[in-house]
Structures are given as structure tokens and as C-alpha cells.
Amino acid sequence: MENIKDTQWPIWEVFIQSQAGTPYKHAGSVHGSDKEIAMQNARDTYFRRNEGTSIWLVPTDCIVASNPDDAEMFFDPSNDKAYRHPTFYTMPEGALNI
Amino acid sequence: MKHQEALLTLTLRLGDNPLVLGHRLGEWCSKAPILEEDLALTNMALDMIGRAEVLLRYAALIEGKNHTEDDLAYKRGERKFYNHLIVEQPNGNFAFTIARQLYVSLYEFLYYSELMNSKDETLSAIAHKAIKEIKYHLKHASDWTIRLGDGTDERHHKMQEAINELWMFTGELFESDEVDEQMSELGIAPYPADLIGKWKTELIDILSEAKLSLPEESYMQTGSRNGIHTEYLGYILADMQYLQRAYPNAKW
């Protein structure tokens, strides 16, 4: 299948923080001719219903994504290593905040 | 002029501007140059309709005739509308819409910054809420003015053309009459004529960054303070008021 070229402006990935101190979550992407316009577009596209208080934008081509073909090699080896979860330890008495 | 009458006229003027401009911006829905801009323009339209709603509700209260904000929006005749002529001008191309927004938002920014200190508590509260939206509208319009003005030859040319063509509607923003005098003396609203200096200074800053020139002084259009409009308002109202005129008191 022929790739359909995006003829619009560069794409930016939008990350939003719902409240101060919480991690940024990926919300989606927007077009923007430069970072100011991209920021306005992100605001207008993803912040219409009180979704959050802060925005991060990253040019899509700056994101390094893992290749789906590598998934087996990358992720499967950790499938059967349950001992890596800290579930085999008994909590010492008196330790409250672990 | 009686206090109530002056306050009503002031509030209608303040309410009619965002009502009509909101309608104009809404016309961009599905037609903007890019999806994101479509959302931006219609978001602004909604900000304005929201502002018009609270202002016209307050106007209806001052009027004291048991009208609602909808009665004032949908059942008033053209000659009773007091919005500035600039907001009823057609959208034209994108540069034209941006130039209109720049002139209006810069004016509103200065006006509402002062309206926040109004001795009228309702107007002050409305201004506090509106100023945040207006700051964004101004940023949007000035960012675009700079990008188009300082862009390719074609962009620059279209932007300058829009700035020039709308210039004759800017004088009206600063017209001040008996109502404004009375309201500003009581500390209820700013005196529009006092805002022109700052408006021009800030406009020149934005235009020079955009490599655009300020139009030369020329004949300025006038009329809206007395309910006299350009041919365009009638079409907007026909569109907006059709349902209530054809089916009086129809409910949603």
C-alpha cells in the first residue's frame, strides 16, 4: 500500500498533566507550523474540558520508538521472571511506608 | 440620561459585540485551513457566545421587562443592536479574520483590563472571567499576524491588505458618547477614547514585528452607537433569528 504523505504541518506529540505532581500522559498529536502554533493547537484540541494544567510537546520525529519486530526479543524474556516482582519478601513488622 | 438607561445601553453594547463576532467565527466551522485551526476559531466563538450570554442576561435584568438573554439575542431588530461595525464584517480570507480579531482583541484586552475594576460588581466579575479568554484570543491573533506578515510574499501581501481594509472600522472602537461619559464618571466602565493611545502603541509593536505597516489615517466608519449598521448585520440576524421569527417561542 502506498504511504499517504501528510501534506500539512509537522506533527507534535501532546502530553498532558492532569494536576501538579502527576505524570504526563500522552494525549494524542497535533499539527503545528512551529512550537508556539503547535502549543496553541494542542491547547485548543486537548484542553477544552478542563483536562489538565500543563502541556508538554515533542516533535514526533524526535520520539524514538521500539520496533514492533523487536518485541519478542525486547519484552518476552521478562515474562517468566516473576521473582523480579517484590512479592516474595515478607514485610518486616513495623515498616509502615514501603 | 437616567442611570438605568445608560447602564442598559452600555451592557447591550458589551453583549452585542461578542454575540455577533462569535457568530462570525462560528462560520469557520468545517472551513478553516487546517483541523486544529478549525477548533481554535470555534473555541473562540464559544468563548464569545458565552460572554454574550452573561452580558445580555444582565442587560435583561437591568431592563426589568421580564426578558431573557435569548429574547434580546433573537427578537431584537437590527436598529437595536449596538455592536461595533468591525465585528459584523464578513470573514473574508484567513488573514482578514485574523486582522479583525487582532484589532478587536487588542481593544477588548485594554477595555476589559479596566472593566475588572468596575464599581458595578456584575460587570467586574464578568470582566475577570473574560480577560483570561481575551488574552488567549489576542495571543492567537498576534501570533498569526506575525507569522503571516513575516512570511512569504503572498502571505505578507494578504495580511497587509486585510490590515488596510479593516482600518476604517477601528475609529469606532474609541468613539465615546454621553453613555460612556456617565459610566466612566461613576467608575463603572472605561472611557473608550482614553484607550486609543495604548491601543496604537501595542498595535505598532505587533505590526512591526510582523513587518507590516500601520495604515494611514483615513475616513473612519461610524454608526453602531446609534444602531446604524453595515449591510452585513441584517444577514447575520436573519440567519440567527430565523427560527424564533418563524416559530415564535419555540423551545429547544
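**Rings, charges and a small sheet**

In this predicted model, the charged end of B:R76 sits over the ring of B:F81, with 4.2 Å between that end and the ring centre. Chain B has another arrangement of this kind to look at: B:R51 lies over the face of B:Y112, 5.0 Å from the centre of the ring.

B:Y112 also belongs to a cluster held together by ring pairs, along with B:Y103, B:Y107, B:Y111, B:W167, B:F174 and B:W199. Across all chains, a search of the whole structure turns up 12 aromatic pairs. One of them joins B:Y107 and B:Y111, whose rings are tilted at 35° between the planes and lie 5.8 Å apart, centre to centre. These two tyrosines are four residues apart in helix α5 of chain B (residues 94-115), so about one helical turn separates them. Both B:Y107 and B:Y111 are buried.

Over in chain A, the thing to pick out is an open sheet of three strands, ordered β2-β1-β3 and paired antiparallel. Strands β2 (25-31) and β3 (54-59) of chain A form the edges, each pairing on one side only. From one strand to the next, the twist averages 30°. Strand β1 of chain A (residues 11-17) runs antiparallel to β3(A), and six bridges join the two. Within this part of the sheet, A:Q17 stands opposite A:S54 of β3(A). Helix α1 of chain A (residues 35-46) packs on the sheet and touches β1, β2 and β3 of chain A. The direction of helix α1 makes about 120° with that of β2(A).

Note on methods: Residues numbered from 1 in each chain as written. Chains lettered and ligands numbered in written order. Predicted model: local features only at pLDDT ≥ 70, side-chain atom pairs only at ≥ 80, totals over all residues. Heavy atoms only, no water. Phe/Tyr/Trp six-rings, centres within 6.5 Å; stacked < 30°, edge-to-face > 60°. Buried < 20%, exposed > 50% of the residue type's maximum accessible area, 1.4 Å probe, protein only. Lys NZ or Arg CZ within 6 Å of the ring centre and 35° of its normal. Pairing = 2+ DSSP bridges. Axes fitted to C-alpha atoms, helices over the stretch in contact; angles between N-to-C directions. Contact = heavy atoms within 4.5 Å.
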